[in-house]
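Work through the exercises below with the sequence and the structure at hand. Each task is followed by a solution that goes step by step.

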Amino acid sequence: MLGICRGRRKFLAASLTILFVPAITWIYLFAGSFEDGKPVSLSPLESQPQSPRYTASSLEVRVREVEEENRALRRQLSLAQGHRANRSRTYSMEEGTGDSEGLRAGIVAGNSSECGQQPAVEKCETIHVAIVCAGYNASRDVVTLVKSVLFHRRNPLHFHLIADAIAKQILATLFQTWMVPAVRIDFYDADELKSEVSWIPNKHYSGIYGLMKLVLTKTLPSNLERVIVLDTDITFATDIAELWAVFHKFKGQQVLGLVENQSDWYLGNLWKNHRPWPALGRGYNTGVILLLLDKLRKMKWEQMWRLTAERELMSMLSTSLADQDIFNAVIKQNPFLVYQLPCFWNVQLSDHTRSEQCYRDVSDLKVIHWNSPKKLRVKNKHVEFFRNLYLTFLEYDGNLLRRELFGCPSEADVNSENLQKQLSELDEDDLCYEFRRERFTVHRTHLYFLHYEYEPASDNTDVTLVAQLSMDRLQMLEAICKHWEGPISLALYLSDAEAQQFLRYAQGSEVLMSRHNVGYHIVYKEGQFYPVNLLRNVAMKHISTPYMFLSDIDFLPMYGLYEYLRKSVIQLDLANTKKALIVPAFETLRYRLSFPKSKAELLSMLDMGTLFTFRYHVWTKGHAPTNFAKWRTATTPYRVEWEADFEPYVVVRRDCPEYDRRFVGFGWNKVAHIMELDAQEYEFTVLPNAYMIHMPHAPSFDITKFRSNKQYRICLKTLKEEFQQDMSRHYGFAALKYLTAENNS
């Protein structure tokens with residue numbers, strides 16, 4: 001629309017010029033002289049004396065000049081039409097105003113003013129965005145914001161994230177595994193900035209982190225001239241380059257681009273005795289800020305806001321809206337600092353909002369700001385539309401945003417280059433290509449999707465239960481939490497939409513919400529296989545205890561197993577020996593089971609046929625070395641030897657080897673890991689008073705493929721042989737027994 005409007009203006013101007021310039025020229029040439037008898041100059045800057053009359057030759061020259069100007073205008077018109085047809089090179093901004101009164105007089109009119117002369121952003125110009133983010137919930141919000149920006153963007157992006165230790169761990173892993181081209185991430189330690197603003201009392205729910213936008217001039221690199229600053233509860237509905245282009249409209253001493261606050265908060269009439277901080281009119285909202293950093297530094301912004309805050313706090317005592325109160329107090333004294341943005345750049349869905357006056361149609365919307373503590377539950381006439389737009393990005397497949405920017409070379413990324421090299425070495429004609437490729441697939445990973453808070457026991461005996469699951473095993477979470485009171489680390493293999501379903505499920509569960517010692521790590525779906533060993537490795541890597549119990553989601557541990565394992569760790573000196581403590585596994589075929597509360601009760605259920613040793617009827621070798629006959633009467637731990645296809649569930653130190661990623665889906669994923677533990681001389685010790693029970697469930701998709709697809713089984717056999725060869729190369733002569741045992745089994 002903008003391009004069409006500009007094109008029409010250019011077309012009209014050029015046409016009028018072509019028609020009238022010759023006529024005006026001839027009038028000038030033949031009108032003769034005025035009072036002084038001299039011809040009129042064609043140029044207002046022309047100061048040279050004019051000859052009293054034009055000769056025929058000079059007239060002919062002048063006509064040629066006019067015709068040349070007309071041809072130039074036609075070329076300009078042609079270029080303008082071509083520019084309309086190829087707008088992918090530059091992105092325009094809507095006509096805004098730096099005049100506060102003008103904008104207040106006609107907000108809606110300002111939004112629809114789309115045909116003015118617009119400055120452009122170069123195709124490969126990097127856009128800088130700063131976001132303050134702290135904690136688990138804000139880290140989730142940032143992902144949705146970034147998705148909305150990436151969806152519309154056509155320029156390289158550089159995110160400057162002012163983050164606490166939690167958010168940095170989460171977002172650093174997320175962006176490292178997301179691998180989006182032409183996106184750079186830099187982190188700044190928010191905890192180091194606390195001393196800069198901790199002297200300001202703040203009642204806002206954002207806490208101390210809600211004040212950190214005040215110190216961006218000091219925090220961000222000194223050579224960074226401009227930046228767009230965003231709250232985490234922002235959703236973009238357009239290309240952020242359009243907002244970046246607004247910087248070109250700043251004039252004079254304008255250094256802050258802000259949208260007027262869309263509520264009556266700063267007018268002080270919301271309730272009796274309401275006393276807000278000083279502001280210019282309705283004040284400004286700081287959810288979206290354009291900062292000219294270089295000019296702000298020259299103006300001594302740091303000193304400016306500090307003096308203002310100190311003065312106002314003498315009477316106000318604290319801020320109610322965090323940094324926004326202080327920004328507005330500074331602007332009240334220095335209104336020339338502000339370039340007022342059209343309000344569609346920050347449509348505020350807060351309580352008592354006037355945001356409906358910002359737009360005539362949904363196509364007017366640019367940025368939506370969920371700045372009410374109620375977030376998606378806020379009341380607004382068009383809240384359903386806004387909510388659906390937000391949910392679209394919330395559940396949007398982030399893998400689709402890994403697209404290259406055409407014509408904009410990305411910075412060299414060592415991880416990406418190594419990945420491409422590894423993939424290029426694979427033979428695409430290999431029938432097992434997809435299996436081999438999965439080993440190198442980088443899955444986008446969001447650590448600690450929900451709030452996590454746990455300090456390991458000080459006696460260094462703490463144990464974390466480690467497991468992985470997909471959406472179809474979600475119902476097991478509550479039961480496991482009831483059986484295991486210790487810390488849990490879970491890797492969940494989900495799509496973006498499923499992750500949101502999980503979030504709603506967890507937030508609606510009293511059992512799960514009462515547990516803060518469960519770490520939920522989302523590994524996003526990609527490819528056709530279930531990356532079971534990658535999931536296990538993710539869950540293992542992010543534990544905070546010295547020991548871990550490597551379980552599966554379909555098992556319920558016996559009541560009291562957590563405390564029993566902590567005692568066993570001490571008894572068997574796990575800290576100083578290489579031991580793998582085996583928890584014997586059983587199973588039931590009944591969906592409703594009266595769970596045994598003791599070993600004696602379990603043995604009785606075994607005798608009655610209510611319980612069975614795990615997989616005795618389909619895969620006896622997997623757990624036969626546990627020696628269940630001995631376990632029935634054992635009262636002390638006993639050692640067992642490794643045998644082919646052994647895959648028990650074990651308690652080990654956190655420094656044990658990772659699972660081998662080549663094994664995906666069904667088959668050999670645990671067997672290979674136990675084999676490597678044996679190769680590293682771990683001693684397998686069975687615990688006499690521990691047990692776990694496998695609960696029944698429908699067959700997984702991967703086991704169905706294993707049973708029905710011959711090629712699947714062939715590839716699994718090939719991968720197994722290659723693993724054994726790798727073991728022989730790595731562990732030498734000692735590893736030959738694995739080949740011998742396999743041949744004899």
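**Exercise 1.** Find where Arg615 is placed along the chain, and decide whether Arg615 is buried, partly exposed or exposed.

Solution. Arg615 has its place in the loop between E21 and helix H22 (628-633), where helices (H or I, at least four residues) and strands (E, at least two) are DSSP runs, numbered from the N terminus. This is a predicted model, in which local features need pLDDT of at least 70 and side-chain atom pairs count only at pLDDT 80 or more, while totals for chains, interfaces and linings use all residues. Residues are numbered from 1 along each chain as its sequence is written, and side-chain values use heavy atoms, with hydrogens and water left out. Next, consider the backbone: the phi of Arg615 is near 60°, a positive value in a residue other than glycine. Finally, Arg615 is partly exposed because its relative accessible area is 21%, given that buried means under 20%, exposed over 50%, and partly exposed in between (1.4 Å probe, protein chains only).

**Exercise 2.** State which strands stand at the edges of the open sheet that includes E18 and E21, and explain why.

Solution. Begin with the order of the 4 strands, which is E18-E25-E20-E21 in an open sheet with mixed pairing. Strand E18 (555-557) and strand E21 (612-613) are the edges, because each has a single partner strand and so one side of each is left without a neighbour in the sheet. Two strands count as paired if DSSP finds at least two bridges between them. Then look at strand E20 (residues 585-587) and strand E25 (residues 692-694), which pair in the parallel sense over 3 bridges; Glu587, for its part, has His694 in E25 as its bridge partner.

**Exercise 3.** Explain what the salt bridge between Asp397 and Arg444 ties together.

Solution. The side chains of Asp397 and Arg444 meet in a salt bridge at 3.6 Å, N to O, a salt bridge being a side-chain nitrogen of Lys or Arg within 4 Å of a carboxyl oxygen of Asp or Glu. Asp397 lies in the loop between helix H13 (383-394) and H14, and Arg444 in the loop between H15 and E13, so the pair ties together parts that are 47 residues apart in sequence. As for exposure, Asp397 counts as partly exposed at 30% relative accessibility, whereas Arg444 is buried, with a relative accessible area of 1%. The structure holds 33 salt bridges.

**Exercise 4.** Determine which parts of the chain are linked by the pair Asp726 and Arg662.

Solution. Asp726 forms a salt bridge with Arg662, and the closest N and O atoms are 2.8 Å apart. This pair links distant parts of the chain, since Asp726 is in helix H25 and Arg662 is in the loop between strand E23 (649-653) and helix H23 (669-679), 64 residues apart. Asp726 is partly exposed at a relative accessible area of 28%, while Arg662 is buried at 5%.

**Exercise 5.** Locate Asn460 and describe its phi and its exposure.

Solution. Asn460 sits in the loop between strand E13 (445-446) and strand E14 (463-470). The phi of Asn460 is near 60°, a positive value in a residue other than glycine, and Asn460 is exposed, with a relative accessible area of 53%.
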